[in-house]
Amino acid sequence: MSRSVPIKFRLYIAGSAPNSAQATANLRALCRTHLPDRHEIEIVDVLRTPKLALAHGIFMTPTLVRISPAPILQIVGTLSQPEPILHALGLESAAV
Amino acid sequence: MSSAPPTPAAEDIPRLIETLLSTERQLVELTRGEVDAVTGRDGRTFLLQRAQEQLRHREATRQEAILNALPAHIALLDSHGLIISMNEAWRQFGGARVVQSPGLGIGLNYLENCDRSDGAGSAEAHQVAAGIRAVLAGGTKDFSIEYACPAPAGPRWFLLMVTPLTDNHLPGAVVMHVDITDRKRAEEKLRRSEVSLAAAQRLAQLGSWEIELVDATNLASCPTRWSDELFRIFAFVPAQFLPTNQRALAMIHREDLPRVTQAFDQLIRAGTSYDVVYRIICGDGQERIVLERAELDKSVSPPLLSGTVQDITQRARTEAERTQSEERFTKIFRSSPIAIAYGEAGHQGGFIDVNERWTEFFGYTRAEAIGRTARDLNLWVDLAAQDTLLAQVEVAGVVTNFECLFRHKTGSIKTALLSVEILHLGPIEIRLTMFVDITNRKRDEESLRMQGRVLESMVEGVTVVNESGTLLFSNPACDAMFGYPRGALIGRHISVLNNMRADEGLAFTTGMLRQVFQTGNWSGEIPNVKRDGKPFVTRVHVSAVDLAGKKCAIAVSEDVTETKQLESQLLRAQRMESVGGLAGGIAHDMNNILAPIMMAAPLLRHPDPGMEHEKIIAMIEVSAKRGADLVKQLLFFGRGVEGQRSVVQMKNAMREIHEMIFETFPRSIRIATDAPDEIWPIRADPTQLHQVLLNLCVNARDAMPEGGGLSLVAVNAVVDEAFPGRSVEATPGPYVCIVVADTGVGIPAGHRDKIFEPFFTTKDLGKGTGLGLSTVIAIAKGHNGFVTLESEIGHGTTFRVYLPAAPAATEPVKRASAAPVPGGKNETILLVDDEESIRMIAGEMLRRHGYQVLIANDGAQAAVLFSQHADEIEVVVTDFDMPFMDGLSLIRVLKNIDPGVKIILSTGIQSGFRSEARLSELAALGVRAFLSKPYSAEKILSAIHALIGSPATQ
C-alpha cells in the first residue's frame with residue numbers, strides 16, 4: 001500500500017452517547033497507532049443529521065464505515081477490540 | 001395533537017410497553033451493548049434508553065456546572081418573563097439585588113416583579129423591565145444596565161445583562177447580574193488617583209510622559225502620551241498640540257540639546273536612566289529650566305519609556321541668586337576686619353559660623369566655636385549684660401555699639417563694641433553679631449585719663465619743655481605754684497621762672513638743658529620767682545624724653561621753700577652750736593689776749609721809773625688787735641645770711657676758713673690748706689659752705705685732742721655714673737672736691753653708717769649736739785653734691801665733699817668782677833629772628849632789662865611792624881639770614897622808611913656778610929653794630945645800650 005493513499009473513515013455516532021464517545025476515542029487511538037498520517041476521519045452525528053445516516057443505509061450507531069479504498073466496509077460497535085478491526089481492514093501484517 | 005387521540009384499551013398499553021422494552025433489550029443484547037441508537041427505515045433515530053439517560057444526565061450536569069461557575073447571577077426567563085431556571089449565585093445572592101426581591105425563584109414573573117418595584121432603585125428596575133421586554137420582543141439584540149445598591153459595606157455595583165435565547169425553539173431571555181463593585185471601585189480609585197496625580201503634577205510643576213517603544217528605530221511611530229502638566233510646562237494646549245519626541249526635542253535649547261539627546265539615546269539603547277537639567281523654549285516663547293528624569297521599563301511589552309519633567313526655573317534662578325548672594329556674604333564674612341559670628345537666635349542658639357577675626361578675638365578655633373553657645377564658651381564676663389542685650393535685640397531686632405566685656409580663651413578680658421542684628425531667613429531667625437575690639441583703645445583712653453588725673457592731682461608741678469626751653473605743658477599744680485592762670489605758662493621760656501638775673505637765668509637754663517639732653521637727667525634746687533615777684537625755691541628733677549620724635553624735657557618741681565626755711569632754721573641753730581663749740585675753744589685764747597691788757601692797766605696807772613711804757617702799750621695794742629680779729633671772725637660766721645647762692649671761688653672760701661681755724665684751734669694742731677688756681681668755681685651759698693668746712697674742721701680738731709695734722713684741700717673732680725660713693729641725686733659731671741683730713745683717732749666701722757644721722761654723737765654731753773655731720777650732708781645734698789668718708793682707727797679720718805662745678809665752669813668766667821649790665825629805660829626794640837627760641841629768650845631778656853619789645857618772625861613782618869611803630873622803635877635787632885626777606889633787604893626797606901633807624905645785625909655765619917662788598921654795602925646803609933650768634937645777654941644789652949646812646953647815623 002502506498003503511504004500516499006490515506007484511508008477515509010466515517011463514524012456515525014449518536015451525539016455524546018456513551019458507546020459513540022467510546023467508539024470515537026477508540027478510532028482516533030487506532031488511527032494514531034496504525035495509520036499515522038494516512039487517515040481521514042469524518043464524524044456524522046445521526047441525532048443532528050438523521051437524513052444522512054438513512055441515505056447511507058446506517059441503522060445502528062456507532063457504526064464505522066471505510067469509504068475508501070473500496071470496497072466499503074462497515075463495523076458496528078465501540079471498536080474496543082483492535083485486532084478484529086485491523087483484520088477486517090487488512091492491516092494485520094502492518095500491525096505485527 | 002389538537003384532535004383527541006383514540007383512547008387505547010387499558011390492557012393494550014402495558015403490553016405495548018412490554019414489547020418496546022423487550023425489543024430494546026434484545027437490541028442491546030444483539031449489539032452487546034455497544035450501540036447507542038438505531039435508525040428506522042423512515043430515518044428516525046431511536047436513542048436507546050441507557051444512552052438517553054446518560055446523555056440527559058451529562059448535559060444537565062454540564063450546564064449547571066457552567067452556570068454555577070459563572071461569576072454572575074443568572075436566570076432564564078420564558079417569553080412571558082417567568083423564571084424557568086437559575087444558577088446557584090442567583091439563588092444565594094438574590095437578597096443583594098434591588099431589582100430582585102428575596103425568594104424570587106422559579107415560576108415567578110420577573111417582569112412583573114420589576115414593574116412593581118418602588119423606592120430606591122425603582123427607576124433602574126423599570127428600565128430593566130423595559131429592556132427585557134424589548135429583548136423578548138426581538139427589538140434589541142441585548143440590553144445592559146449598571147446600577148448601584150446600598151449595602152452594609154458601602155454601595156455595591158451591578159451590571160445587568162439581558163440576552164435573548166434564540167438557538168432554542170423555546171424563546172426567552174437570559175438575565176445576568178454581575179457584581180462589578182470591585183471594578184467600579186478600582187475605576188473610582190484609578191480616576192481619583194489620576195485626578196490626584198494630575199493635581200500633584202500641577203502643584204509640583206511636574207509633568208510626565210510615556211512612550212510605548214513599539215519601534216525603537218522609529219520613535220515617531222510610537223504612541224506618546226503627555227500629562228496635562230507637561231503641556232502646561234511647555235505652554236501648549238493639549239488639543240492643539242500632538243506630542244511627539246521630535247517636537248519635544250525641537251523645543252530644547254540648542255546648547256543643551258546634545259546632552260539631552262545623548263542621555264536619551266543611552267536610555268533607549270542601554271536602558272540607562274538619566275537626570276538632566278536643560279533649558280526649553282516654550283510654546284509661548286519663554287525660556288524655562290527643567291529637570292527631566294527618565295527610565296525604561298522592559299518588563300512590559302512593548303517596553304515603556306517614561307519620564308518626568310519638572311519646571312525648576314524659579315528654583316534654579318532663586319538658587320543662582322542665592323548662590324551669588326551667599327558667595328558675596330561669604331566673601332565679606334571671611335575677609336571682614338571685624339569679628340563676626342552668626343547663629344540661631346535666642347539664648348540656646350549655637351554659633352553656625354564665625355570668621356577669622358572672631359577666632360583671633362576670642363582665641364577659639366572655628367571648630368571649637370561652631371555649634372556651641374556664647375555661654376558654653378563662657379565668653380561673657382557679665383551675664384546680666386548679655387541678658388540685657390538679648391532683651392534689646394528681641395524688642396528692636398537690632399542693637400548697635402553695645403559696649404561689653406568678653407573673656408578670651410586664655411581668660412584675659414577684652415572690651416568690644418557689639419552690634420547685633422536678627423536676620424529672617426525663611427522660618428529661621430539668624431543672629432548676626434559683630435564685635436569691634438576696643439580693648440586697646442579703651443586701655444589707652446583709660447590710661448590717658450588716668451595720666452591726666454595723675455598730672456592734675458599731683459602736688460608737684462610738672463612741666464614739659466622743648467629743646468630750646470619753651471614750655472609746652474604745665475600741670476595745674478605748676479601753674480598754681482608759679483601763680484599763673486591755668487595754661488598761661490605754655491609758650492613762655494622756662495627762664496622766666498628763675499629768680500636770677502636774666503643772663504644768669506638763661507645761662508643756667510641752657511646749661512641745665514644741655515646736661516639733660518646729654519646725660520638724660522638733672523636734679524637740683526632752683527631759685528624761682530612767682531608771677532607776683534615773690535621768690536621761692538623748688539627742688540626739680542628733669543628727665544629727657546622723646547615726645548613724638550621731638551626731644552623734650554619733663555621737669556617735676558616741688559616747692560621746697562618751707563622745707564628750706566625749716567632747714568635754714570635748723571642750720572642756724574646748728575651754727576650757734578658750732579659757735580658755742582668754738583667759744584669753748586677760744587676762751588683760753590681770749591683770756592690770753594685779755595690777760596696782758598688786764599695786767600698792763602695797773603702798771604700804767606702806777607708808773608714805775610724803770611718801766612718801758614712804750615713796750616707795754618705795744619703789747620696792749622697787739623692783744624687788742626688779736627681780739628678784734630677774733631671777734632671779726634666770729635661775727636662773720638654768726639652774721640652770715642643764707643639762701644643766697646652765688647658763684648663761689650673755693651680759694652677765697654678756704655682762705656677765710658683757714659684764717660678762722662688758725663686763730664682759734666689749738667696750736668698743737670698743724671693746719672695746711674691748698675686750693676689750686678685752676679679750681680672750678682661752684683655755685684653755692686657761701687655761708688653754708690663755710691658751715692660745712694667749719695663743721696668738718698671742728699670734728700677733726702675734736703678727733704685730735706693730743707694734737708695732729710689737719711689738711712684742707714680743694715681739687716677738681718669729674719664724677720661719672722660709676723663714681724664710688726656718688727649719691728643717686730648727684731648727676732655725673734664736673735665737681736669740686738673739698739678734702740678735710742685729720743690724723744686723729746678715726747671712726748669705728750660700726751659708727752660710720754650712723755655718723756651722718758642727726759643727733760648721733762660720740763662727744764661728751766654738752767660738747768656736741770650730733771647735728772654737725774648731718775648738717776654737712778644736708779647742705780651737700782642741697783647743692784646737689786655728696787660726701788664720702790674714709791677712716792682708719794688710730795690713723796685718722798678723711799671727709800670728701802663733692803659739690804657740682806658751676807654750669808659755666810668749663811669756661812672760666814669772672815662774673816663777680818663784671819660791670820653791671822646796662823638796662824633799658826622803656827625804649828622799644830624791634831627784634832627780628834626766624835628762630836623761635838632766640839625770639840623767646842632774647843625778647844624775654846630784653847623785657848626784663850627794661851625794654852619794650854616788638855617781635856617779628858621774618859623781614860616782611862618786621863617791615864610791617866616798623867611802618868606802624870617807626871616813631872617808638874629805638875633800635876632794630878635783626879637776623880641776617882631769614883626766609884622771604886633777608887636782613888639786608890629788610891635794612892634797605894627800613895632805611896627807606898626812617899633813614900635814622902638804628903640797627904644791630906646778628907648772624908650765625910661768621911664770614912657771611914663780612915665780605916668786603918657786603919660790609920661796604922652795610923656801611924653805606926649805616927649799619928655799624930654787629931652781633932655774632934650765639935650772643936650773650938651782656939653783649940646784646942651792651943650793644944643796644946651803646947647804640948641808643950650814640951647819635952643817629954644818616
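## A walk through the predicted model

Start in chain B: select β32(B), helix α25 (residues 887-897) and β33(B), which together make a right-handed β-α-β unit. Right-handed here means that, with the strands pointing away from you, the path from the first strand over the helix to the second runs clockwise. Helices (H or I, at least four residues) and strands (E, at least two) are DSSP runs, numbered from the N terminus.

Before you go on, some housekeeping. Residues are numbered from 1 along each chain as its sequence is written, and chains are lettered from A, with ligands numbered from 1, in the order in which they are written. This is a predicted model, in which local features need pLDDT of at least 70, side-chain atom pairs count only at pLDDT 80 or more, and totals for chains, interfaces and linings use all residues; side-chain values use heavy atoms, with hydrogens and water left out.

**Stop 1: β33(B) and its partners**

Zoom in on β33 (residues 902-907) of chain B: six of its six residues are buried, that is, under 20% relative accessible area (over 50% is exposed, in between is partly exposed; 1.4 Å probe, protein chains only). Turn on side chains: Lys902(B), Ile904(B) and Ser906(B) point one way, while Ile903(B), Leu905(B) and Thr907(B) point the other. In a regular strand the side chains alternate between the two faces of the sheet.

Now add β32 (residues 873-879) of chain B, which pairs with β33(B) in the parallel sense over five bridges; pairing takes at least two DSSP bridges. Pick Val875(B) and you'll find its bridge partner, Lys902(B), in β33(B). Next, show β34 (residues 929-932) of chain B, which runs parallel to β33(B) and is joined to it by four bridges. Here Ser906(B) stands opposite Leu931(B).

**Stop 2: two asparagines**

Most residues other than glycine have a negative phi, and most peptide bonds are trans. Select Asn378(B), a non-glycine with a positive phi of about 60°, in the loop between α12 (366-369) and α13 (383-396). Then jump to Asn784(B), also with a positive phi of about 60°, in the loop between α22 (772-782) and β28 (786-792). Which of them is buried or partly exposed? Asn378(B) is partly exposed at 42% relative accessibility, whereas Asn784(B) is buried at 17%.

**Stop 3: chain A**

Select Thr61(A) and Pro62(A): the peptide bond between them is cis, with omega near -5°. Pro62(A) lies in the loop between β3 (60-61) and β4 (63-68). Another cis bond joins Ser68(A) and Pro69(A), with omega about -5°.
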